[in-house]
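Me: Could you take a close look with me at one part of this protein? I'm new to this, so please keep it friendly.

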Amino acid sequence: MDTLLSKCLLCSLGCDVAFRVKGEAVVGPEFCETGGSHSARVCARGLYGAELMTHPQRVATPLMRRDGVLREASWPVAIDSLASALKSIASTYGPESVAVVTEPTRSTAELEAVGRLARSLGAGAVSCMFEPQDLPLVAHEESAGVAAVVEANCVIVLGDVFFSHAVIAKEIIDAKYTARGNSLFVVDPRLSNTAWFASEHVQNRPGTEALVLACVLKALRASGKMAADAHAWIDSIDEKTLLEAAGVGRDAVARMARTFADAGKAALVVAPAARGMYDVALVARLARLVAEVSGEQKACVLLPSGGNVRGARQAAAKSDWKPFSTLMSELEAGKYRALLSFGADPLAAFPSPALSKAISGLDLVASVSLFRGEFEGASSVVLAGASWLETDGSAVLFDDSVAEWKSVGSPSWGARTLSDVIGLIEAAAGQTAGRPGSSRRDGASAVLDPSRSTLTARIETVRAAAAARAGDELSLVALPATGHAGAGAVTGWMQWAQDVFPGGFCELSAQDAAALGIAENDSVTVESSTARLDLRAKVTDRLKPGVMAVPGYDSSARALFSWQVGEDGWFSTGPGSVRVRRKQ
Ligand code: SF4
């Protein structure tokens with residue numbers, strides 16, 4: 001029996017993982033004794049990641065739709081069929097009528113290969129399907145590494161790392177108990193598991209994290225912790241208005257600011273869920289500012305949800321990849337006739353009737369996938385893809401460090417690595433209309449340009465959005481969970497994840513439940529501007545009145561959020577709003 005080392009790519013921490021291998025078969029997880037930053041610690045995702053390799057529901061061979069049903073096909077037949085459909089579409093509508101999309105649980109080399117294929121096809125768009133919060137989080141700010149948390153005397157967390165980045169959550173909680181006087185502040189509208197461990201839970205109104213950070217800056221100025229002549233715009237902040245909008249007390253914010261600045265070492269950790277935090281790019285900017293102005297040894301740690309988000313961001317920046325928000329709008333506007341997906345499931349991640357209609361009206365929908373997700377339900381060709389554990393690769397982690405790994409085994413059954421599949425498509429489709437690589441600034445930077453308005457104006461926009469809620473509506477936030485990249489397209493198939501992170505429910509406060517006549521486990525109808533859904537009610541003291549939470553990894557619950565493109569050209573990351581009533 002051998003032990004093989006690899007990496008987990010199910011979130012941006014990229015933990016070391018080890019597996020026991022007997023011959024060709026992976027027979028289980030192994031304790032990992034490497035000296036990496038996360039050695040000897042993995043969460044359930046990393047531990048059971050090898051399940052992906054032998055999962056009974058994996059797509060084991062190419063599939064082609066005949067008479068409305070996906071049926072098994074050989075690789076040559078499936079590739080020829082895909083290539084001839086691409087050629088036909090290119091000659092009828094032009095190669096730019098083809099769009100290509102991938103997602104960030106892929107090695108950097110695979111992402112670059114997707115970009116090369118798109119260029120060689122002359123595709124009109126290539127895009128990476130980042131989670132809504134991930135692109136604004138990494139687009140313009142750098143992140144410190146795990147060491148900043150391990151050594152910190154004070155940590156401030158925005159979000160619920162316990163469920164989004166479990167391994168660093170353990171480091172954060174350990175740091176609190178390492179020395180007497182160490183502290184942990186958690187800013188979260190929900191009494192999350194991370195907040196449960198906090199020295200102080202600052203329970204803000206949904207979406208107002210930027211306002212809390214602006215008030216932290218104000219408190220640092222007021223207490224003389226920040227130079228009086230630095231960042232003059234802070235003086236114009238009306239602290240009282242922002243605190244009211246955020247629903248937090250001045251003393252709590254001042255305590256958090258003072259403790260952070262006075263700590264020998266401190267870290268501010270930002271780990272947003274898919275929806276629930278307005279203007280994540282602003283939150284990241286303000287978090288960096290708080291760390292910068294608070295003196296020596298203060299760090300800002302930004303945690304995207306996806307495994308290779310920074311690698312994907314770099315691959316996109318080398319060419320003119322479009323933000324997925326733009327591609328989605330263009331699909332809905334009928335700009336394309338074909339969509340090729342390399343691992344992404346846009347229908348599960350961004351459920352919207354307009355997108356479903358647009359995709360179902362295309363001449364060609366094809367995917368390379370591990371499982372039959374919603375996108376495969378609309379595909380005419382499905383190619384059996386391999387996971388990152390079945391190929392060598394490298395990824396850029398949250399702190400810009402590069403993780404490299406070797407495959408744990410060759411692709412299962414008849415699956416092929418993404419690079420192999422791309423090579424086959426290139427060989428069969430030929431160069432339909434190659435175009436040179438672009439040196440233009442990438443679309444992600446353009447849409448999220450932080451200079452588009454002043455920090456003060458953006459803070460005011462957040463304040464106004466947080467205040468604008470109809471009286472009978474509840475703010476809707478998404479609960480984070482395991483690296484269910486885009487609604488759990490991969491991990492959602494794993495039994496342990498289904499057990500630990502069930503769907504089909506909503507959480508609401510005991511006060512709201514009483515007012516609405518709703519009891520635990522009642523069936524309730526939840527309605528937003530985009531969807532109406534029946535869910536099971538979980539009545540909780542984790543939320544304040546006026547707030548509802550649904551699993552961000554549950555595709556049907558994600559339909560309650562609007563996935564319209566916002567003013568900055570990207571998806572809103574703010575909370576949604578819903579009405580709820582007991583089902584009669
Ligand atoms: S999901 Fe994240 S925290 Fe868990 S093992 Fe994988 S990389 Fe580590």
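Which residues does Ile422 touch, not counting residues up to four places away in sequence?

Reply: Happy to. Keep in mind that this is a predicted model. Ile422 touches Ala113, Val114 and Leu117, if you leave out residues up to four places away in sequence. You'll find Ile422 in helix 19, which covers residues 418–429. Ile422 counts as buried because 20 other C-beta atoms lie within 10 Å, and 20 or more is what the cut-off asks for. For a sense of distance, try Arg532: Ile422 and Arg532 are 110 residues apart in sequence, and their C-alpha atoms are 40 Å apart in space.

Now let's put that spot on the map. The domain assignment splits the protein chain into domain 1 (2–54), domain 2 (63–131 + 308–444), domain 3 (137–302) and domain 4 (468–582). Notice that domain 2 is written as two stretches, 63–131 and 308–444.

Let's move on to domain 3 and its contacts. The C-alpha centres of domain 3 and domain 4 are 25 Å apart. Where these two meet, 18 residues of domain 3 are in contact with 17 residues of domain 4. On the domain 3 side, the touching residues are ten nonpolar, five polar and three charged.

Next, a strand worth zooming in on. Strand 12 takes in residues 298–302, and five of its five residues are buried. Here's a handy rule: in a regular strand, side chains alternate between the two faces of the sheet. In strand 12, Lys298, Cys300 and Leu302 sit on one side, with Ala299 and Val301 on the other, and all are buried, so both faces are covered. Strand 12 runs parallel to strand 11 (residues 266–271), and five bridges join them. One of the pairings puts Val270 opposite its bridge partner Leu302 in strand 12. To get from strand 11 to strand 12, the chain passes through helix 13 (residues 280–293), making a right-handed β-α-β crossover.

Finally, the ligand. It has 14 residues around it, and the closest are Cys8, Cys11, Cys15, Cys43 and Gly46. Helix 1 (44–47) and helix 8 (166–178) are the elements that each give two or more residues to this shell. By type, the shell has nine nonpolar residues, four polar and one charged. Both domain 1 (2–54) and domain 3 (137–302) give residues to the shell, so the ligand lies between them.

How values were computed
Residues numbered from 1 in each chain as written. Predicted model: local features only at pLDDT ≥ 70, side-chain atom pairs only at ≥ 80, totals over all residues. Domains from an automatic or database assignment. Contact = placed C-beta atoms within 7 Å. Nonpolar A, V, L, I, M, F, W, Y, C, P; charged D, E, K, R; others polar. Near = placed C-beta within 6 Å. Helix = DSSP H or I, 4+ residues; strand = E, 2+ residues; numbered from the N terminus. Buried ≥ 20, exposed ≤ 12 C-beta atoms within 10 Å, placed from the backbone. Pairing = 2+ DSSP bridges. Right-handed = clockwise from strand over helix to strand, strands pointing away.
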